[in-house]
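Visitor: I should like to learn how to read the features of a structure, one at a time. May we begin with a single residue and proceed from there?

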Amino acid sequence: MSDIKRNLRILDGLEPPDVWGDAETRIPRNGVVGDRPRRRGPVIVVAFAVSIASIAFLVRAVGSGTDGEPADPNARRYEANGMVLQEGEGPAKLCLGVILDSLPPQCGGLPITNWDWDAAEGEESAQGVRWGVYHVVGSYDGTSFTLTEPPVTPEPYVGPPDEIVAPCQEPSSGWPVPDPSTAGDADFRRATNVAEKEPDFAGAWIDGSPTVLTLAFTGDLQRHETEVRQEWGGPLCLWEFDRTFDELRRIQRDLEPASEELGLTLLSSGIAVYRNQVDIDVVLADDEALAELERRFGPGAVRVTSALTPVT
Amino acid sequence: MSDPHVAIEHVYLEQRAKLWRALVAFTGDRHAADDALAETFAQALARGEGVERWDAWVWRTAFRVAAGDLARKERPGPLTETHSYELPAPIDHLVRALVQLSAKQRLAVVLHDYADRSTDEIAETLGCSRATVHVHLSQGRRRLRELLKEDGDV
């Protein structure tokens, strides 16, 4: 056995975790466009909320573009970070929405009319497919994208993390545990079941060590606390939100036809229970459509992330 | 074993330990390894069928997921205390050395010399030729040997 192999064998001393339960319940994540950082660590959003909350739409390739057509110098320019993928001699496309992490990857997206792999660095290839992740700048005519600058490697995401945390301030003496005998996993699930039956239930999630169970309602927190405390003796945060979980589901459902009506190409939607918002990803959001969404669904009810953003 | 769920769970039980340890060696971060492992099997379950060899598929996918995560984050530099405190000392030294290799060299060394995956499979994972895998492997081994020698581990 070589010295390298012998050194690597010490890895066998590590005890692996069992992630099967996580694999069975998690929704495979989407691709790089509009990708948000995922929190690592002891955070579990209560499974019922996640399992029904996210919907992804596979984007059809729209239009075929005109190979090599020069960009209109007066056209508005947009930028995006994303995977560019080309199958055989087909048009290169900027992947939007779901990217399957197969080998090679698969995606739908916008054709890029003037893509040149010789001008791009760091691409990969397998089975006649070439792909890479790039920062692209160019014009968008509603059906295809035309580069106005060479593609470059995107900068790492440096935005704020989308933290799932208990919103209540931790008491200076630490989180109270009134009854340690009812502070286990089965207990918080029972407490959550009780809470979600309430018509003003707005969401549930757990976070941290010790586990803090957050339950959100649209009112009457004192009564809810009394009820929940019969099942849950661990750290508890009761929080008031404006919208019930059922309202968020209705908004998510209504967003599909509303987006179409407003000319927004919807890529995915999901309910962020811990922000009391519905998140949607679209190809390109314009101010007028955003204002109309706010008028229809209420201020702050919908958070829109646009895959293409205007270059300022 | 016609039920894909059963087949995937079987591969999970069979490959989980080796695959997770290889992912720790590649990412230098056990939480990243946990996540890549769970994400891989979530994708396998979502896919359900159409895969001839699930074991090769999960190895390729797991390393592609982990490599994608690394590429989206800052390049891995020397491990911080946050990364390393959970690893026992000899493994911590090894992982600290591994993260100083390029991602492709590290992937080639870990998959070939720890996980015993074939050169063909590694070439497919990296999206390069077998000859290129051997270049990464050779350069990675040389560099790792130097680094471990500096630490007195070889």
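Visitor: Where does Thr148(A) lie?

Guide: One first places a residue among the helices and strands. In this predicted model, Thr148(A) belongs to the loop that joins β8 (145–147) to α4 (185–196) in chain A.

Visitor: Is Thr148(A) buried, exposed or partly exposed?

Guide: One counts C-beta neighbours; 20 or more would make a residue buried, and 12 or fewer exposed. Thr148(A) has 19 such neighbours inside 10 Å, and therefore counts as partly exposed. Its C-alpha atom is separated by 9.5 Å from that of Tyr78(A), although the two positions lie 70 residues apart along the chain.

Visitor: How does Gly50(B) count on that scale?

Guide: Gly50(B) counts as exposed, because it has 8 C-beta neighbours inside 10 Å. It is found in the loop between α2 (30–47) and α3 (54–72) of chain B. Pro4(B), 46 residues apart from Gly50(B) in sequence, is 9.2 Å from it in space, C-alpha to C-alpha.

Visitor: Which residues does Phe217(A) touch?

Guide: Here one sets aside sequence neighbours up to four places away; the partners of Phe217(A) are then Glu198(A), Asp200(A), Phe201(A), Ala202(A), His224(A) and Glu240(A). Phe217(A) lies in strand β10 (residues 212–217) of chain A. It is buried, because 24 other C-beta atoms lie within 10 Å. Trp239(A), 22 residues away in sequence, has its C-alpha atom 6.4 Å from that of Phe217(A).

Visitor: How should I read a helix such as α6(A), and what span should it have?

Guide: One compares the expected span with the distance between the ends. Helix α6 (residues 245–261) of chain A has 17 residues, so at 1.5 Å a residue it should span 24 Å; its end C-alpha atoms are 25 Å apart, which agrees. One also looks for bends: at Leu255(A) there is a kink of about 35 degrees, shortly before the proline Pro257(A). Just after the helix, Gly263(A) has a positive phi of about 80 degrees.

Visitor: Which residues of α6(A) are buried, and against what do they pack?

Guide: The buried residues are Phe245(A), Leu248(A), Ile251(A), Gln252(A), Leu255(A) and Ser259(A). They pack against the strands β9 (201–207), β12 (266–272), β13 (277–284) and β14 (302–310) and against the helix α7 (287–297), in chain A.

Visitor: Which residues have the most contacts inside the largest nonpolar core?

Guide: The general idea is that nonpolar side chains tend to be buried together in soluble globular proteins. Here the largest nonpolar core has 59 residues, and those with the most contacts inside it are Met83(A), Val84(A), Leu94(A), Ile112(A) and Leu213(A). Apart from it lies another core, of 52 residues, including Leu94(B), Leu98(B), Leu107(B) and Leu126(B).

Visitor: How many helices and strands does chain B have?

Guide: Chain B has eight helices and zero strands. Of its 154 residues, 48% are buried. Among contacts in chain B with a separation of 6 or more, 65% join residues 24 or more positions apart.

Visitor: How many residues of each chain are in contact with the other?

Guide: One lists the residues on either side: 31 of chain A are in contact with 41 of chain B. On the side of chain A that touches chain B, α1 (3–8), α2 (20–25) and β6 (124–126) each supply at least two residues. The most come from α1(A), with five. By character, that side of chain A divides into 17 nonpolar, four polar and 10 charged residues.

How values were computed:
Residues numbered from 1 in each chain as written. Chains lettered and ligands numbered in written order. Helix = DSSP H or I, 4+ residues; strand = E, 2+ residues; numbered from the N terminus. Contact = placed C-beta atoms within 7 Å. Core = buried A, V, L, I, M, F, W, Y, C linked by C-beta atoms within 7 Å. Expected span 1.5 Å × (residues − 1). Bend = angle between axes of the 7 residues up to and from the residue. Nonpolar A, V, L, I, M, F, W, Y, C, P; charged D, E, K, R; others polar.
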